[in-house]
Amino acid sequence: MKSLCLGAATALGLLFAGSAMADTVRMLAIEPNVPQGRQYYLDVAKAFEAENPGTTVQFDFLDDTSFKSKLPTLLQSSARPDAFFTWTGGVFNEQAKAGVLKDISSDFSEADRANYAVSGMQAMSHDGKLYGVPMYAAGVALWYNKALVAKAGVDPKSIKTWDDFLAASKKIKDAGIVPIVMGGKDKWPIALFYGQLASRIAGTDGINAADKGENGGFNNPDFIKAGEAMKQLADLDPFQPGYMDTTQPKAAGLFGDGRGAFYMAGNFLVGAQAQNSASGKGLGDDLDFITFPAVEGGKGDPADTFGGINGWLVTKEASPSTVPFLKFMTNKKNQTEGGRLTIWLPIGTDAQSGIQDPRLREIAELLSKAPHHQLYLDQLLGASVGAALNDAAAQITTGDITPEEAANLVEEAREMR
Amino acid sequence: MTTMIGSRPKPSPAARIARMHKQGKLTALLLFLPPALVLFTLFVIWPIFNAANLSFFKWTGYGAIDNFVGMQNYQRLAKHSVFHQSLWNSGKLILASLLIQLPLALMLALLIYKKTSANTAFRLIFFAPYILAEIASGVIWSFIFDGDFGISGQIATALGVEPMYILADRQYAFMAIITVVVWKYFGYHMMIFIAALQAVPADLLEAADIDGAGRWQKVFYVKLPLIMHAIKLSVFFALVGALQVFDIIIPLTNGGPSNSTHSIVSYLYTYGLAQLNVGYGSAVGVVLFILCMVTAFSYRRLAIGKGGAL
């Protein structure tokens with residue numbers, strides 16, 4: 001009888017321990033841009049498992065496109081992951097509204113929140129509720145090839161306004177050098193110019209107002225002005241031949257091979273221009289950047305940054321270890337390590353010390369000091385309006401539509417949203 | 001559908017069932033019909049009705065489907081210039097299939113249908129593109145058309161001329177797609193024609209020889225009439241296939257430049273699925289379904305129905 005009791009107690013104990021211990025956190029991630037990214041996630045998972053015996057963290061990776069197309073179905077099925085990667089913005093708002101996410105506001109104390117940049121926490125919140133944890137930010141810069149601009153006699157550091165930039169592009173073109181390398185097939189690289197111009201001309205507030213449909217939405221004069229500025233650039237024919245059949249990764253490689261003077265991209269370009277170049281080395285120390293120039297009369301602060309905020313959203317009914325794991329993954333040590341490995345720019349406060357590349361450290365500092373961080377417009381506006389914006393930017397550039405038509409195209413999509 | 005019972009009075013349903021029971025057919029029917037019917041309903045009929053229903057809603061793929069918008073998705077579709085372009089592109093694909101692909105396939109089939117070892121080798125070569133996965137062919141050809149690192153770029157460099165960026169050019173991009181589609185599928189139609197040509201009775205050809213028919217007379221008066229059923233079948237496949245082209249376009253141009261090279265299906269994918277307008281995508285799907293059905297049935301009536309069975 002005694003042994004039976006003991007046996008039953010052991011069995012019961014095991015059962016309880018089993019249910020408490022056998023906790024699995026299933027993470028759905030996008031395939032990282034850099035090879036060390038995947039290993040980083042797996043190492044962090046292993047470290048968390050070592051600290052929390054019995055917990056398993058499982059990472060699944062999908063490429064961007066499959067990730068985006070599979071997610072809606074997945075989130076509404078019982079096979080949904082516990083947390084998944086997010087670009088925040090409009091798609092995140094849709095997900096929050098649809099009730100597929102978990103409100104984790106109560107899991108984050110004031111002290112917890114202080115570990116992350118304010119813009120990061122804001123980007124992961126909808127209607128004042130926190131649904132996820134930010135992990136990194138991306139900042140867009142105008143990168144240039146030192147050797148080529150010197151050859152053309154242009155000093156990029158003296159470019160302060162959009163007109164300066166147009167003049168520099170013209171001078172470079174006259175010197176027989178391609179002014180800007182562009183991955184036009186993917187459209188969004190063109191829209192980076194359009195979005196940056198809009199944020200300089202209309203300002204962050206203007207963009208948010210247009211998103212809500214105030215002041216004529218995107219038919220607002222400021223957006224038409226942004227399109228006109230875009231057209232001024234396109235009229236110089238500044239891109240490499242065949243840019244509309246060049247994907248962004250290929251364009252980064254062309255830039256790394258010295259096929260053009262400027263390239264507009266996020267901080268990821270430092271790695272991408274080397275990896276995708278024919279030599280595999282890229283520009284090395286010849287690579288530097290300037291911030292996007294101001295537009296005269298614009299309402300946006302030239303110190304505002306433009307780019308992405310990325311992190312992890314927690315799904316409803318996520319396993320109990322999900323939030324602790326996300327906190328672990330974004331703690332100072334792991335954030336610093338991510339920066340050191342040049343996987344991304346950490347969004348944690350004081351986690352910039354690991355960044356070794358001086359250019360990346362400078363971008364990280366600009367991001368932390370910026371009065372506003374404007375989210376990529378195609379992400380802010382959500383899938384359909386974002387795609388319309390990318391189309392509009394591409395078609396202004398190819399001369400298929402006028403700036404007015406472009407603004408109208410985006411506004412139409414917004415009204416349909 | 002006309003039935004074969006002629007002027008005989010129709011037996012009552014009960015009598016028919018009783019007769020089937022007597023003949024032992026009823027058991028077979030009850031046993032074998034339900035599985036097929038259930039599967040067909042579940043995987044074919046139900047999704048069609050579901051898509052038709054979804055096309056009246058605005059739905060992003062998240063949350064409940066409760067935003068009924070009536071015909072709005074169809075109205076948007078009717079007004080959207082990119083959709084008009086994609087319809088016209090699908091039309092161009094149909095024309096290219098009928099006017100370039102099938103004549104080419106027929107010509108090659110006439111040249112190599114006889115069983116010799118050289119002909120077998122040619123058949124294999126011509127059929128090879130069809131075996132390749134569509135997406136792989138798209139990627140391969142995107143490298144061929146690449147003006148920087150691709151074959152067309154290398155040829156241009158070797159000749160010392162400016163490289164052409166065919167896929168970046170609104171004027172030529174769709175021609176490039178048509179080229180790839182013709183290249184990919186002519187071998188399939190050629191095989192259908194070869195099989196039919198090999199079944200042409202040798203004695204008829206011999207009789208034509210004895211009657212003094214020339215090479216072309218034999219083709220036009222003996223071979224072609226005898227393989228007309230295969231040609232009609234090929235035309236049918238070409239029509240329906242051209243309406244469904246998708247996986248070649250995505251890697252080649254992804255619908256660009258400036259959305260000028262979408263087919264109906266790639267339009268559906270881009271504007272319906274990738275942009276999370278599931279209701280809108282369903283409306284495109286319904287239009288595509290109707291187009292396919294109308295094409296299939298009217299072709300059956302016009303061509304196959306009059307010429308007898310396939």
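In the predicted model, the domain assignment of chain A yields two domains, each built from two separate stretches of sequence: domain 1 comprises residues 2–136 + 308–356, and domain 2 comprises residues 139–305 + 375–416. The centres of domain 1 and domain 2 of chain A, taken over C-alpha atoms, are separated by 33 Å. Where these domains meet, 13 residues of domain 1 of chain A are in contact with 14 residues of domain 2 of chain A. On the side of domain 1 that touches domain 2, two elements of chain A, α4 and β9 (305–314), give two or more residues. The largest share of that side, three residues, is provided by α4(A). By residue class, the side of domain 1 that touches domain 2 consists of six nonpolar, six polar and one charged.

Chain A also touches chain B, with 22 residues of chain A in contact with 19 residues of chain B. Three helices of chain A, namely α3 (64–75), α4 (90–98) and α18 (383–397), each supply at least two residues of the side that touches chain B. Of that side, the largest share, six residues, belongs to α18(A). The residues of chain A on this side divide into nine nonpolar, seven polar and six charged. Helix α4(A) is thus named in both settings: among the elements of domain 1 that touch domain 2, and among the elements of chain A that touch chain B.

Two packed helices are described by the angle between their axes and the distance between the axes. For helix α9 (residues 188–201) and helix α11 (residues 221–235) of chain A, the axes come within 9 Å and cross at roughly 130°. Angles over 145 degrees count as roughly antiparallel and those from 65 to 115 as roughly perpendicular; α9(A) and α11(A) are therefore oblique to each other. The crossing of α9(A) with α11(A) is right-handed. In this contact, A:Phe193, A:Tyr194, A:Leu197, A:Ala198 and A:Ile201 of α9(A) meet residues of α11(A) that include A:Phe223, A:Ala226, A:Ala229, A:Met230 and A:Leu233. Also on the α11(A) side are A:Asp222 and A:Lys225. The contact contains 10 nonpolar residues, no polar residues and two charged residues.

In chain B, helix α13 (residues 264–274) is mostly covered, with nine of its 11 residues buried. The buried residues of α13(B) are B:Ile264, B:Val265, B:Ser266, B:Tyr267, B:Leu268, B:Tyr269, B:Thr270, B:Tyr271 and B:Gly272. Following α13(B) is B:Leu276, which has a positive phi, near 60°.

Technical notes. Residues numbered from 1 in each chain as written. Chains lettered and ligands numbered in written order. Predicted model: local features only at pLDDT ≥ 70, side-chain atom pairs only at ≥ 80, totals over all residues. Buried ≥ 20, exposed ≤ 12 C-beta atoms within 10 Å, placed from the backbone. Helix = DSSP H or I, 4+ residues; strand = E, 2+ residues; numbered from the N terminus. Contact = placed C-beta atoms within 7 Å. Nonpolar A, V, L, I, M, F, W, Y, C, P; charged D, E, K, R; others polar. Domains from an automatic or database assignment. Axes fitted to C-alpha atoms, helices over the stretch in contact; angles between N-to-C directions. Parallel < 35°, antiparallel > 145°, perpendicular 65-115°, else oblique. Left-handed = near helix turned anticlockwise from the far one by under 90°.
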